[in-house]
Amino acid sequence: MKRKGKFILTIKTSISFALCITAFFCIFLRLPQFFSQNPAVLAAASFTLSDGTYKLIDSDQTENQEDNSVVVKKNQIESTASTPSDNASKKRDKSNYYDSFADHTGENKYEISENSYFGAGTQVKNFYVKNKTDVNYDFSKYLNSPLTFNVEKNVDSPQVLIYHTHTTEGYMDEGVDYFYESFYSRTENSDFNVVAVGNKITEVLNSKGISTYHDTTIHDATYEGAYERSGNSVNEDMKKYKDIKVVLDIHRDALGTEDHKIKPVFTYNGKKAAQIMILSGCDDGSNWFPNWENNLNFALKIQNKAEELYPGMTRPLSFDYFRYNEYICDGSLLIEIGTDANSIDEVEYSGELLANVLAEVLS
């Protein structure tokens with residue numbers, strides 16, 4: 001019995017010694033990778049958090065999650081390179097919004113494609129108009145006519161009003177090429193919806209001496225009646241600020257299908273931005289939109305200047321028998337900034353560029 005116990009002890013000691021040697025050998029092999037600065041090496045043994053830091057993967061996590069972590073890091077690098085501010089996304093609160101980098105285990109994953117829309121419709125100088133009416137208009141004539149209103153600079157009284165009929169229209173949280181089925185592109189979180197774009201336009205215009213007021217009232221808590229409610233807000237704002245000449249309803253579009261979204265993009269100064277689309281309506285002969293030609297004049301000037309300053313910025317101007325709230329004044333337009341597949345960084349950058357365009361047109 002004694003010899004048997006001694007034999008078992010010897011076996012256990014040998015096994016323990018062999019395990020220690022194996023562990024030491026593994027650590028020795030991994031040390032160069034530990035000190036590596038190569039993101040791919042780090043990503044192979046970890047997954048990235050939304051702030052770019054690393055967290056070790058627990059042994060019970062799936063192989064699929066490890067694969068996704070590499071994609072996440074790649075997309076983080078691409079997003080950072082194409083945005084106007086490297087720290088922009090870090091300041092936004094995702095706690096009550098969709099997070100592309102969260103754990104989406106069990107969800108279907110779909111594709112986001114990029115596209116640039118240009119060259120469709122009637123060419124006018126360096127841009128295009130998609131004329132959906134049954135009349136051939138001389139758009140060059142409207143473009144070359146003077147504006148019917150003047151904006152004063154460096155005054156306290158607001159000259160421009162920014163508002164949103166569909167205030168909860170949201171964007172992607174990050175510049176990625178995928179989305180999960182839990183993504184819902186409407187939110188009251190103003191870090192990720194059209195209010196963020198309106199804030200950027202307002203900020204830039206005010207910095208250029210064009211006093212601008214941003215009305216962030218939510219008008220689409222229920223979708224039906226949103227234009228009537230936003231029209232009432234605009235009328236109230238114009239009664240309060242009697243010098244308002246320009247009224248811009250900032251929206252976003254949606255392109256693609258439920259399982260394949262499309263984002264319209266262009267690049268300026270090495271940064272990716274969302275294309276914009278201006279909507280300018282006209283009267284169908286029943287005199288329900290008497291001042292439409294003045295609005296069209298303003299819309300064409302914005303489109304023309306945008307393409308002069310930032311080639312590729314605009315999708316073809318949409319011209320059709322509609323009026324939305326454009327009848328309110330000669331400087332009233334609806335502008336769609338990107339789609340729900342564009343990242344919030346891309347559309348904020350577009351808002352900045354659009355404000356530069358507006359400042360030039362209104363000078």
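**Exercise 1. Contacts and composition**

Task: State what share of the chain's contacts with a separation of 6 or more comes from residues 24 or more positions apart. Then give the counts of helices and strands and the buried percentage.

Solution.
- Step 1. Take the contacts in the chain with a separation of 6 or more. Residues 24 or more positions apart account for 79% of them.
- Step 2. Note the status of the coordinates: this is a predicted model.
- Step 3. Count elements. The chain has 8 helices and 15 strands.
- Step 4. Turn to burial. Of the 363 residues, 49% count as buried.

**Exercise 2. The order of the sheet**

Task: Give the strand order of the open sheet of 8 strands, and find its edge strands.

Solution.
- Step 1. Read across the sheet. The order is S4-S5-S14-S13-S15-S9-S6-S8, and the pairing is mixed.
- Step 2. Look for strands that pair on one side only. These are the edge strands, S4 (122-124) and S8 (212-214).
- Step 3. Add the twist. From one strand to the next, it averages 25 degrees.

**Exercise 3. Pairing, strand by strand**

Task: Assign parallel or antiparallel to S4 with S5, S5 with S14, S13 with S15, and S9 with S15.

Solution.
- Step 1. Recall the background. Strands of a sheet pair through backbone hydrogen bonds, either parallel or antiparallel.
- Step 2. Start at S4. Its pairing with S5 (residues 127-131) is antiparallel, over 3 bridges. Gln123 stands opposite Tyr128 in S5.
- Step 3. Check the turn. The hairpin of S4 and S5 has 2 residues between the strands, and Lys125 there takes a positive phi near 55 degrees.
- Step 4. Move on to S14. S5 and S14 run parallel, joined by 3 bridges. Lys130 stands opposite Ser318 in S14.
- Step 5. Take S13 (residues 276-281) with S15 (residues 331-339). They pair in the antiparallel sense over 4 bridges. Met277 has Glu336 in S15 as its bridge partner, and Leu279 stands opposite Leu334 in S15.
- Step 6. Finish with S9 and S15. They are parallel, over 7 bridges. Here Asp253 stands opposite Thr339 in S15.
- Step 7. Test S15 for burial. It is largely enclosed by the rest of the structure, because 9 of its 9 residues are buried.

**Exercise 4. Helix H5**

Task: Compare the span of H5 with its expected value. Then describe its ends and its packing.

Solution.
- Step 1. Compute the span. At 1.5 Å a residue, the 14 residues of H5 should span 20 Å. The end C-alpha atoms are 20 Å apart, which agrees.
- Step 2. Inspect the N-terminal end. Asn193 caps H5 there, with a side-chain oxygen 2.9 Å from the backbone nitrogen of Val195.
- Step 3. Inspect the other side. Just after H5, Gly209 takes a positive phi of about 85 degrees.
- Step 4. Count burial. The helix is mostly covered, with 10 of its 14 residues buried. Among them are Val194, Val197, Ile201 and Leu205.
- Step 5. Relate this to helix geometry. An α-helix has 3.6 residues a turn, so residues three or four places apart point the same way.
- Step 6. Find the partners. The buried residues of H5 pack against S6, S8, S9, S15 and helix H8 (344-362).

**Exercise 5. Thr314**

Task: Is Thr314 buried or exposed? Locate it and list its contacts.

Solution.
- Step 1. Locate the residue. Thr314 sits in the loop between helix H7 (292-309) and strand S14 (317-320).
- Step 2. Apply the cut-off. Thr314 has 1% relative accessibility, so it counts as buried; the limit is under 20%.
- Step 3. List contacts beyond four places in sequence. They are Tyr117, Phe118, Gln275, Ile276, Gln303, Ala306 and Glu307.
- Step 4. Single out the polar one with Glu307. The side chains of Thr314 and Glu307 make a polar contact at 2.6 Å.

**Exercise 6. Cysteines**

Task: How many disulfides does a search of the whole structure find? Classify Cys282 and Cys329 by burial.

Solution.
- Step 1. Search the whole structure. It yields 0 disulfides.
- Step 2. Take Cys282. Its relative accessibility is 0%, so it counts as buried.
- Step 3. Take Cys329. At 13% relative accessibility, Cys329 counts as buried.

How values were computed:
Residues numbered from 1 in each chain as written. Predicted model: local features only at pLDDT ≥ 70, side-chain atom pairs only at ≥ 80, totals over all residues. Heavy atoms only, no water. Pairing = 2+ DSSP bridges. Axes fitted to C-alpha atoms, helices over the stretch in contact; angles between N-to-C directions. Buried < 20%, exposed > 50% of the residue type's maximum accessible area, 1.4 Å probe, protein only. Polar contact = N/O pair within 3.5 Å; in protein donor to acceptor, adjacent residues only side chain to side chain. Contact = heavy atoms within 4.5 Å. Disulfide = S-S within 2.5 Å. Expected span 1.5 Å × (residues − 1).
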